[in-house]
Amino acid sequence: MAQLVRPAERYLASFIEALHEGYNRDTLRPETPETIAQVEADPMAFLQSQLNPPETFVQPDGSLGRAVPWTPLWWVEGDRFLGTVHVRHELSETLSKVGGHVGYAMRPSARGQGHASAALAAGLDWIRANLPLTRVLLTVNPNNPHSIRVIEKNGGVHTQTIPHIWRPGEQALHYWIDL
Ligand SMILES: CC(C)(COP(=O)(O)OP(=O)(O)OC[C@H]1O[C@@H](n2cnc3c(N)ncnc32)[C@H](O)[C@@H]1OP(=O)(O)O)[C@@H](O)C(=O)NCCC(=O)NCCS
């Protein structure tokens, strides 16, 4: 049975396999042969970056941003990496527009099997158990019906639609889930 865990060494080989399969760590920035090679060159350093996330990060426009505290969680079955649920503990100004508290992605071969719906449900349980949040924001692109369904199945309520801050001409739907 699949479960939500902290990243660990036993899943690294499968994580790298997922990168080659088409899993992207960031929905706004697809992996390239170079980004994958970087993880492959030093998987333990990558693991450390997941367990102790850096305080700054390069934003989609190339500028350096302050990272809010966040926890990466991996959805796994046995030693197989299936996908991620990333939990942001608070909202920055940009996350309150695009990104929200929770982001998730499944590797291509794990899609269409209910994994994202179950992983988000487990992620919400993790938040209930570990953070003082009473509700969480999720943002999604209107042309991502599967993700919208995942959010709605987990109790998401659509509150507003705003212009996407990183993709001119596109929109971001805001959904809130009461915990
Ligand atoms: C969006 C994403 C997370 C969905 O993951 P998933 O594991 O396939 O989702 P689920 O299996 O839980 O399915 C969710 C809903 O979408 C539907 N769905 C999923 N894949 C489908 C497909 N290929 N064809 C038709 N419907 C599909 C399911 O039927 C389900 O609805 P239902 O329960 O009412 O039937 C996955 O496609 C992904 O990782 N995409 C890239 C990253 C991304 O977009 N992340 C979200 C950013 S907001």
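This passage walks through the ligand site of a predicted model, then turns to helix 5, helix 1 and a handful of individual residues.

The ligand is a good place to start. Its shell holds 19 residues, and Gly112, Gly114, Ser117, Arg149 and Lys153 come nearest. Sorted by class, that shell has ten polar residues, six nonpolar and three charged. Four elements each supply at least two of the shell residues: strand 6 (102-106), helix 4 (115-130), strand 7 (135-140) and helix 5 (145-153). Helix 5 gives the largest share, with five residues.

Oxygen atoms of the ligand pair up with both backbone and side-chain atoms of the protein. At Met106, a polar backbone atom sits 2.7 Å from a ligand oxygen. Ala116 also takes part through its backbone, where a polar atom is 3.0 Å from an oxygen of the ligand. With Ser117 it is the side chain that matters: an N or O atom there is 2.6 Å from a ligand oxygen. As for cover, the ligand on its own has 920 Å² of accessible area, and the protein covers 68% of that.

Helix 5 deserves a closer look, given that it provides the largest share of the shell. Ser147, Ile148, Val150 and Ile151 are its buried residues. Viewed down the helix axis, these fall within an arc of 155°, so they line one face of helix 5. This fits the usual helical geometry: an α-helix has 3.6 residues a turn, so residues three or four places apart point the same way. Over on the other side of helix 5, Pro145 and His146 are exposed. The cover over the buried residues comes from elements including strand 6, helix 4, strand 7 and strand 9 (171-178). Just past the end of helix 5, Gly155 adopts a positive phi of about 90°.

Within helix 5, Ile148 makes a handy example. Its relative accessible area is 12%, so Ile148 counts as buried, the cut-off being under 20%. Beyond its sequence neighbours within four places, Ile148 is in contact with Val140, Asn141, Pro142, Leu173 and Tyr175. Leu138 is ten residues away from Ile148 in sequence, and the two C-alpha atoms are 9.7 Å apart.

Helix 1 (residues 12-21) has its own set of buried residues, namely Leu12, Ser14, Phe15, Ile16, Ala18 and Leu19. Helix 2 (33-41), helix 3 (43-51), strand 4 and strand 5 are among the elements that cover them. Gly22 follows helix 1 and has a positive phi, near 120°.

Arg107 links back to helix 1 from elsewhere in the chain. This arginine lies in the loop between strand 6 and helix 4. Charged or not, Arg107 is buried, with a relative accessible area of 1%. Leaving out residues up to four places away in sequence, Arg107 touches Ser14, Glu17, Ala18, Glu21, Tyr23, Arg80, Phe81, Leu82 and Gly83. Two of these partners, Ser14 and Ala18, also appear among the buried residues of helix 1.

The loop between strand 5 (80-88) and strand 6 holds His101, and Glu90 lies in that loop too. His101 is buried, at 5% relative accessible area, whereas Glu90 is partly exposed, at 37%. His101 and Glu90 are in contact. Setting aside neighbours within four places, the other partners of His101 are His86, Val87, Arg88, His89, Leu91, Leu133, Arg135, Val136, Leu137 and Trp176. For Glu90, on the same basis, contacts include Arg66, Val68, Pro69 and Leu95. Trp166 is 76 residues from Glu90 along the chain, with 20 Å between the C-alpha atoms.

Trp70 rounds off the picture. This tryptophan lies in strand 4 (residues 70-77) and is partly exposed, with a relative accessible area of 22%. Apart from neighbours within four places in sequence, Trp70 is in contact with Gln50, Pro53, His86, Val87, Arg88 and His89. His86, Val87, Arg88 and His89 are also contacts of His101. Ala119 lies 49 residues from Trp70 along the chain, and their C-alpha atoms are separated by 17 Å.

Conventions. Residues are numbered from 1 along each chain as its sequence is written. This is a predicted model: local features need pLDDT of at least 70, side-chain atom pairs count only at pLDDT 80 or more; totals for chains, interfaces and linings use all residues. Side-chain values use heavy atoms; hydrogens and water are left out. A residue is near a molecule or strand if one of its heavy atoms lies within 4 Å of it. A polar contact is a pair of N or O atoms within 3.5 Å; within protein, one must be able to donate a hydrogen and the other to accept it, and residues adjacent in sequence count only if both atoms are side-chain atoms. Accessible areas come from the Shrake-Rupley method with a 1.4 Å probe; for residues, only the protein chains shown count as cover. Ala, Val, Leu, Ile, Met, Phe, Trp, Tyr, Cys and Pro count as nonpolar, Asp, Glu, Lys and Arg as charged, and the others, Gly among them, as polar. Buried means under 20% relative accessible area, exposed over 50%, partly exposed in between (1.4 Å probe, protein chains only). The arc is that of the directions from the helix axis to the C-beta atoms. Contact means heavy atoms within 4.5 Å.
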